[in-house]
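Thank you for making time this morning. I would like to take you through one structure at an unhurried pace, starting with a metal site and then moving on to rings and charges.

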Amino acid sequence: MRVARVALQSIVAHAREAVPAECCGLLLGRDTAILEALRTRNIADEPASRFLIDPQDHFNGRRDARRRGLDVVGFYHSHPRSPATPSETDRAEASYADHLYLIISLAVDPPDVALFRLDDGGRGNFLRLPFVTVR
Ligand SMILES: [Zn+2]
């Protein structure tokens, strides 16, 4: 996978602004590349420990991406204090098989970023993917 530097920079900025809450958003791109990150609201009841993408933001983001010839290839969210690995909540609530899930951890500096694909073979089964940052 390739991840555009501008997308990563946008995600880092969003994660820092959202502290102590988790931030979340959409990953836009094409099959092997994440080109942009699009912010969405986190409407979870306990936003410091979980995320729930605002459905209206999700809908609008998909529509806008399609208009520009991009796909929603996955989602990102932040872990303000824990590692960049899926939490039990993440595993229980992940529902988009074959989509990418990017997690950014602010527990370390510089932030740690990990990319996963949700396998549809088992509930909450995330496969870690290597990625390179590109322009
Ligand atoms: Zn999480």
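Before the site itself, one definition: a donor here is an N, O or S atom within 2.8 Å of the metal, and since water is not among the atoms, a site may look incomplete. Please also keep in mind throughout that this is a predicted model.

With that cut-off in hand, we can turn to the zinc ion, which is coordinated by NE2 of H77, by NE2 of H79 and by two OD donors of D90, at 2.0 to 2.6 Å. Along the sequence, these donor residues follow the spacing H-x1-H-x10-D.

What is the geometry of the site of the zinc ion? The angles among the four donor atoms run from 55 to 160°, and because four donors count as tetrahedral only if all angles lie between 85 and 135 degrees, the tetrahedral label does not apply to the site, which is classed as irregular. For orientation, the ideal angle for four tetrahedral donors is 109.5 degrees.

Are the two histidines buried or exposed? H77 has a relative accessible area of 2% and H79 is likewise at 2%, so both count as buried, given that buried means under 20%.

Let me stay with H77 for a moment, which is found in strand β4. Its side chain is joined to that of D90 by a polar contact of 3.1 Å, so that these two residues, which both supply donors to the zinc ion, also touch one another directly. If we leave aside the neighbours within four places in sequence, the residues in contact with H77 include E22, C23 and C24, as well as F51, and also L102, I103 and I104.

Strand β4, which covers residues 71-79, brings us to the aromatic rings, since F75 lies in it too. The count of aromatic pairs in the model comes to four. In one of them, F75 and Y101 are tilted, with 5.5 Å from centre to centre and 55° between the planes. This pair links distant parts of the chain, because F75 sits in strand β4 whereas Y101 sits in strand β5, residues 100-105, and the two are 26 residues apart. As for accessibility, F75 is buried at 4%, and Y101 is buried at 6%.

Y101 also takes part in another pair, this time with F126, and here the arrangement is edge-to-face, at 5.1 Å from centre to centre and 80° between the planes. Once again distant parts of the chain are linked, with Y101 in strand β5 and F126 in strand β7, residues 126-129, 25 residues apart. F126, like Y101, is buried. Taken together, ring pairs link F75, Y96, Y101, F116 and F126 into a cluster.

From rings we move to charges, where the count of salt bridges comes to nine. I will describe a few of them.

One is between R68 and E36, whose closest N and O atoms are 3.0 Å apart. This bridge also links distant parts of the chain, with R68 in the loop between α2 and β4, E36 in strand β3, and their positions 32 residues apart. Both partners are partly exposed, R68 at 46% relative accessibility and E36 at 29%.

Another joins the side chains of R41 and D54, at 3.7 Å from N to O. R41 and D54 both belong to the loop between β3 and α2, and they are 13 residues apart. D54 has a relative accessibility of 12% and therefore counts as buried. This bridge is part of something wider, for R41, D54 and D57 are linked in a network of salt bridges.

A further salt bridge, between R63 and D64, has its closest N and O atoms 3.6 Å apart. Here R63 is partly exposed at 32%, and D64 is partly exposed at 32% as well.

To finish, I would like to point out E88, which lies in helix α3, residues 88-93. Is E88 buried or exposed? With a relative accessible area of 64%, E88 is exposed, since exposed means over 50%. The C-alpha atoms of E88 and G124 are separated by 8.6 Å, although these residues are 36 residues apart along the chain.

Key. Residues are numbered from 1 along each chain as its sequence is written. This is a predicted model: local features need pLDDT of at least 70, side-chain atom pairs count only at pLDDT 80 or more; totals for chains, interfaces and linings use all residues. Side-chain values use heavy atoms; hydrogens and water are left out. Rings of Phe, Tyr and Trp (its six-membered ring) pair if their centres lie within 6.5 Å; planes under 30 degrees apart count as stacked, over 60 as edge-to-face and the rest as tilted. Helices (H or I, at least four residues) and strands (E, at least two) are DSSP runs, numbered from the N terminus. Buried means under 20% relative accessible area, exposed over 50%, partly exposed in between (1.4 Å probe, protein chains only). Donors are N, O and S atoms within 2.8 Å of the metal (3.2 Å for Na, K and Ca); water is not among the atoms, so sites may look incomplete. Four donors count as tetrahedral if all angles lie between 85 and 135 degrees; four count as square planar and six as octahedral if opposite donors are over 155 degrees apart and all others between 65 and 115; anything else is irregular. A polar contact is a pair of N or O atoms within 3.5 Å; within protein, one must be able to donate a hydrogen and the other to accept it, and residues adjacent in sequence count only if both atoms are side-chain atoms. Contact means heavy atoms within 4.5 Å. A salt bridge is a side-chain nitrogen of Lys or Arg within 4 Å of a carboxyl oxygen of Asp or Glu.
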